[in-house]
Amino acid sequence: MRTRTLTRFAAVAVAAALSLTACTSTGGGDGGAAADGNQLLTIPREDMGTFTRNFNPFSPNVAPLTQQAIYESMLVYNPADQSTTPWLASEWTVSDDGASIDFTLRDGVQWSDGEPLVPQDVITTFALQKELMGGFEYLTEVTAVDDHTVRFVFDRAYSPALYEIGQQVLLPDHIWSAVADPAKDTNSEPVGTGPFTEVANFQSQSFDLMPNPHYWGETQIAGVRMLAFAGNDGANLAAANGDVDWAPQYIPNIEDAFVAKNPDHNHYWFPATGSIINWQLNTTKAPFDDVAVRQALSLAVDREQVADIGMSGYTHPADCTGLTDAYESWKSADVVDACDWTARDVDAANALLDEAGYPKGADGMRTLPDGSPFAFTFSVGSTSSDWLSVGNIIAQNMKDIGVEVTVDAPDWATVTSSYEDGTFDSGIVWANNAPTPYQFFRGVMSTETVKAVGEKTFENYHRFGLPEADTLLAQFAATSDTTAQHAIVDRLQELYADNAPVIPLFPGPEWGAYTDVRFTGWPTEDDPYATLNVRAPTTVLVLTTLEPVVD
């Protein structure tokens, strides 16, 4: 038996949000009142012009911080330093055959209404998750071994289960077993185990989360205030003005736009350990089902320009492994050295398309084999100014090979819907990011994640799968031997490089800027105990570490 125990414990919207901050005693940064120890940690949400009082973690319209401050998981994995922190579980034991895991629930944990955390809460959580959201296909049984231990049984040895199960947020059975429609219930008065569960002052453009009166851990801050912004510009202005404490969004020219406003106190840290960002092509549509086309389009992309201009130099070009910097130790040097379709080469791109049967006309523009124009759309949400810039750069790049790309930028809800049902042409999207590359490769080229057009999916939007990938992924999951896993991932990288299922652009930076005027104890490159991404599981580590400044 292997036991693991760790002891390391829009303009109107902008104006309204900022006016709210300025007129209260808990406004953020220099723009607020003097710090007295009771100030609220103020955070903008740059892609929500308004908030809906919905704290249902199963809802696509869930309010920010629901899964970071209200509900918690059994463990927290930190990609910044590759550490794992026990959270609602104090320890876990993986069976010798790898087909089950026992989690021991931490003593003394209570829900915010005073009820104790019990195994039935875990059982109900996973039943609802499987019913409403799918996933966990390998999980056959969740049972209580005793009053503090929960056993997860699988249909096969499955090594990725530890982190998949361990990072699922838990819900109280005594609440959710009585909910008539858990998919649609807004859960307006949530009951959680997290540090901040009490919803206060809820308005369409702001709300507060106040301390859990029964929190099992320690936190020193008085509460959290969320502000709604319909785009990066308003959120960035709030950061520059000192109206927020934590700015977890893309800020162009951050040295001048943010740091220079208060150089002694304004800081940022953008490690490129986030998900790889891909240009996805809908492979159910011609010509994107042709690997030569995918590689040719990739060759035409100026990734240096994308990284330096589109992403303000905060990241770097991706390579043929498709892996983000969080997986640096997994990268195959052979695949990196042999990579021949991620560095810009317009001549090679043109030659590939010529050979594949996509000729140029007298006007220099290409046609498909049926004579129709080689033209398609690039879909991206209008509020993401960084990704919109990337789309515009790619559209300009494609003209060099006679391909017409039109950037389509409606709201993100519309874009995401087209990704999920498979009606889009192409777009920009993040990939799965987990402690190992298993979920990344499963999400980009396993047949198990391919859904038919019209059937909703939450990964593999490009709808590409290879039986060879399924075989390798099954081999990875069946072993916990790290040497064997690395050898399998090398072969997955080779398969990825040969087939270009998506076009990797750059490793996503984990956005995070902050001011220490009112709170100290932030994670940094020198102390990477968490990332500064407020949508990540490590957010709870930050919320329970920060200390308020008292003037």
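## A walk through the hairpins, a disulfide and two helix pairs

Start by selecting A144 and V150: V150, in β9, is the bridge partner of A144. Keep in mind as you click around that this is a predicted model.

**First stop: two hairpins**

Now widen the selection to residues 139-144 and 149-154. These are strands β8 and β9, which pair in the antiparallel sense over 5 bridges. How many residues does the hairpin use to join β8 to β9? Color the link and you'll find 4 of them.

Next, move along the chain to residues 196-203 and 206-211. Here β10 and β11 pair, again in the antiparallel sense and over 5 bridges. Show V199 as sticks and look across to β11: L209 stands opposite. The hairpin that joins β10 to β11 goes through 2 residues. While you have strands on screen, a general point about side chains: in a regular strand they alternate between the two faces of the sheet.

**Second stop: an open sheet**

Select 246-247, 266-268 and 513-515 together. The first two ranges are β13 and β14, and the last is β20. Which strand sits in the middle of the order? The open sheet of 3 strands reads β13-β20-β14, so to speak, with antiparallel pairing. That leaves β13 and β14 as the edge strands, each pairing on one side only. Zoom in on the β14 and β20 pair, which run antiparallel and are joined by 3 bridges. To pick out a residue pair there, click H267, and opposite, in β20, is Y514.

**Third stop: the disulfide**

Select the cysteines C320 and C339. A disulfide joins them, with S to S at 2.1 Å, and the structure holds 1 disulfide. If you check the torsion about the S-S bond of C320 and C339, it comes to about 65°, so the disulfide is right-handed. Where do the two ends sit? C320 is in the loop between α9 (303-310) and α10 (333-338), while C339 is in the loop between α10 and α11 (346-356), so the pair ties together parts that are 19 residues apart in sequence.

**Fourth stop: α8 against α11**

Stay with α11 and add α8, residues 291-300. Their axes are 8 Å apart and the helices pack at an angle of about 160°, which means that α8 is roughly antiparallel to α11. Look at the handedness too: α8 passes α11 in a left-handed crossing. For the contact itself, show A292, V293, Q295, A296, L299 and A300 from α8, plus V346, A348, A349, L352, L353 and A356 from α11. Polar or nonpolar? The contact residues of α8 with α11 divide into 11 nonpolar, 1 polar and no charged.

**Last stop: α14 against α15**

Finish with residues 438-445 (α14) and 467-477 (α15), whose axes come within 10 Å and cross at roughly 160°. That angle makes α14 roughly antiparallel to α15. In a left-handed crossing, α14 passes α15. Which residues of α14 make the contact? Put sticks on Y438, F441, R442 and M445, then on A469, L473, F476 and A477 of α15 to complete the set. Color by residue class and the contact of α14 with α15 divides into 7 nonpolar, no polar and 1 charged.

Definitions and conventions: Residues are numbered from 1 along each chain as its sequence is written. This is a predicted model: local features need pLDDT of at least 70, side-chain atom pairs count only at pLDDT 80 or more; totals for chains, interfaces and linings use all residues. Side-chain values use heavy atoms; hydrogens and water are left out. Axes are lines fitted to C-alpha atoms, for helices over the stretch in contact, and angles run from 0 to 180 degrees between N-to-C directions. Angles under 35 degrees count as roughly parallel, over 145 as roughly antiparallel, 65 to 115 as roughly perpendicular and the rest as oblique. A crossing is left-handed if the near helix is turned anticlockwise from the far one by less than a right angle, and right-handed if clockwise. Contact means heavy atoms within 4.5 Å. Ala, Val, Leu, Ile, Met, Phe, Trp, Tyr, Cys and Pro count as nonpolar, Asp, Glu, Lys and Arg as charged, and the others, Gly among them, as polar. Two strands pair if DSSP finds at least two bridges between them. A disulfide is a pair of cysteine sulfur atoms within 2.5 Å.
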